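The report below describes the fold of one protein chain, going from the overall layout to its strands, its helices and a few individual residues. Please keep the sequence and the structure in view while reading.

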Amino acid sequence: MRWRGRRLAKFAPIDDNARTVSASFEPCHVLVAEDHQLSSELLERTLKSWGYSVVVADNGADALAILESSDPPQLALLDWMMPNMTGPEVCARVRQNAQRRYIYLVLLTAKGVRRMDEVLPDAFGPADLER
C-alpha cells in the first residue's frame, strides 16, 4: 500500500503487483473515527479488505477513549469535525500523553489545513488511501 508516496511497510507489507497482503503480515489495528455513516463504512470495508483490523467510533469522545485504552490502535483516521470533540482536539489529547507508544494520526478534512501526521480531504476514495 502506498500513502502519499511513502511505503507504510510498518502497517501493511503489500505486494504492489498482486495487491495482496503478504503471508507474514499481522494486521495493523486501525481506528476509523467518522460521524458520517457512509464515509465510515467505506473506510471500514476498504481497510478490512486490505487485511486491517478496524474499530469504528462515531464521535471524538469515543475515539479518544479507544486511543487511551490499554491496547490502542497503531493508526487512527480521524474526521476533522465530529460530535463531542473535533479531530484536532483528539490529536492534541493523544499527543499530551508522551508515555504511550506512538500512534499515527491522520485527519480527514475538507478544510485547507496541513498535517497532523497526514491530512486527507473528506471527499476521498480507496484510491486516495493507496497514494
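## Overall layout

Among the contacts in the protein chain between residues at least 6 apart in sequence, 60% join residues that are at least 24 apart. The model is a predicted one, and its protein chain has 131 residues, of which 41% count as buried. The chain exposes about 7,100 Å², with carbon and sulfur atoms supplying 50% of that area. Its secondary structure comes to 4 helices and 9 strands, which follow one another from the N terminus in the order β-β-β-β-β-α-β-α-β-α-β-β-α.

## Parallel strands and their crossovers

Strand 5 (29-33) pairs with two other strands described here. With strand 6 (53-57), strand 5 pairs in the parallel sense over 5 bridges, while its pairing with strand 7, also parallel, runs over 4 bridges. L31 has a bridge partner on each of these strands, namely V55 in strand 6 and A76 in strand 7. Strand 7 (residues 75-79) is in turn joined to strand 8 by 5 bridges, and these two strands likewise run parallel; here L77 has V106 of strand 8 as its bridge partner.

The parallel pairings can be set side by side as follows.

| Strand pair | Bridges | Example of bridge partners |
|---|---|---|
| Strand 5 and strand 6 | 5 bridges | L31 and V55 |
| Strand 5 and strand 7 | 4 bridges | L31 and A76 |
| Strand 7 and strand 8 | 5 bridges | L77 and V106 |

Two of these pairs also belong to β-α-β units. Strand 5, helix 1 (residues 37-49) and strand 6 make a right-handed unit of this kind, and strand 7, helix 3 (residues 87-96) and strand 8 make a right-handed β-α-β unit as well.

As for burial, strand 5 is mostly covered, with 4 of its 5 residues buried. Strand 8 (residues 104-109) has 5 of its 6 residues buried, and is therefore largely enclosed by the rest of the structure.

## Helices 2 and 3

Which residues of helix 2 are buried? In helix 2 (residues 60-67), they are G60, A63, L64 and L67. Seen down the axis of helix 2, these buried residues fall within an arc of 100°, so they line one face of the helix. This spacing fits a general rule: an α-helix has 3.6 residues a turn, so residues three or four places apart point the same way. The cover over the buried residues of helix 2 includes strand 5, strand 6, strand 7, helix 3 and strand 8. At the N-terminal end, helix 2 is capped by N59, which has a side-chain oxygen 3.1 Å from the backbone nitrogen of A61.

In helix 3, the buried residues are G87, P88, V90, C91 and V94. Around the axis they cover an arc of only 155°, which puts them on the same side of helix 3. These buried residues pack against helix 2, strand 7 and strand 8.

## Individual residues

E89 lies in helix 3 and counts as partly exposed because its relative accessibility is 41%. The side chain of E89 reaches the backbone nitrogen of T86 at 2.8 Å. E89 and G60 are 29 residues apart along the chain, and yet their C-alpha atoms are separated by 8.1 Å.

Is N84 buried or exposed? At 63% relative accessibility, N84 counts as exposed, because the cut-off for that class is over 50%. N84 lies in the loop between strand 7 and helix 3, and its phi is near 75°, a positive value in a residue other than glycine. In general, most residues other than glycine have a negative phi.

E44 has its place in helix 1. With a relative accessible area of 23%, E44 is partly exposed, given that buried means under 20%. Leaving aside residues up to four places away in sequence, E44 touches V54 and V56. The C-alpha atoms of E44 and V56, which are 12 residues apart along the chain, are separated by 7.6 Å.

Definitions and conventions: Residues are numbered from 1 along each chain as its sequence is written. This is a predicted model: local features need pLDDT of at least 70, side-chain atom pairs count only at pLDDT 80 or more; totals for chains, interfaces and linings use all residues. Side-chain values use heavy atoms; hydrogens and water are left out. Buried means under 20% relative accessible area, exposed over 50%, partly exposed in between (1.4 Å probe, protein chains only). Two strands pair if DSSP finds at least two bridges between them. A crossover is right-handed if, with the strands pointing away from the viewer, the path from the first strand over the helix to the second runs clockwise. The arc is that of the directions from the helix axis to the C-beta atoms. Contact means heavy atoms within 4.5 Å. A polar contact is a pair of N or O atoms within 3.5 Å; within protein, one must be able to donate a hydrogen and the other to accept it, and residues adjacent in sequence count only if both atoms are side-chain atoms. Accessible areas come from the Shrake-Rupley method with a 1.4 Å probe; for residues, only the protein chains shown count as cover.
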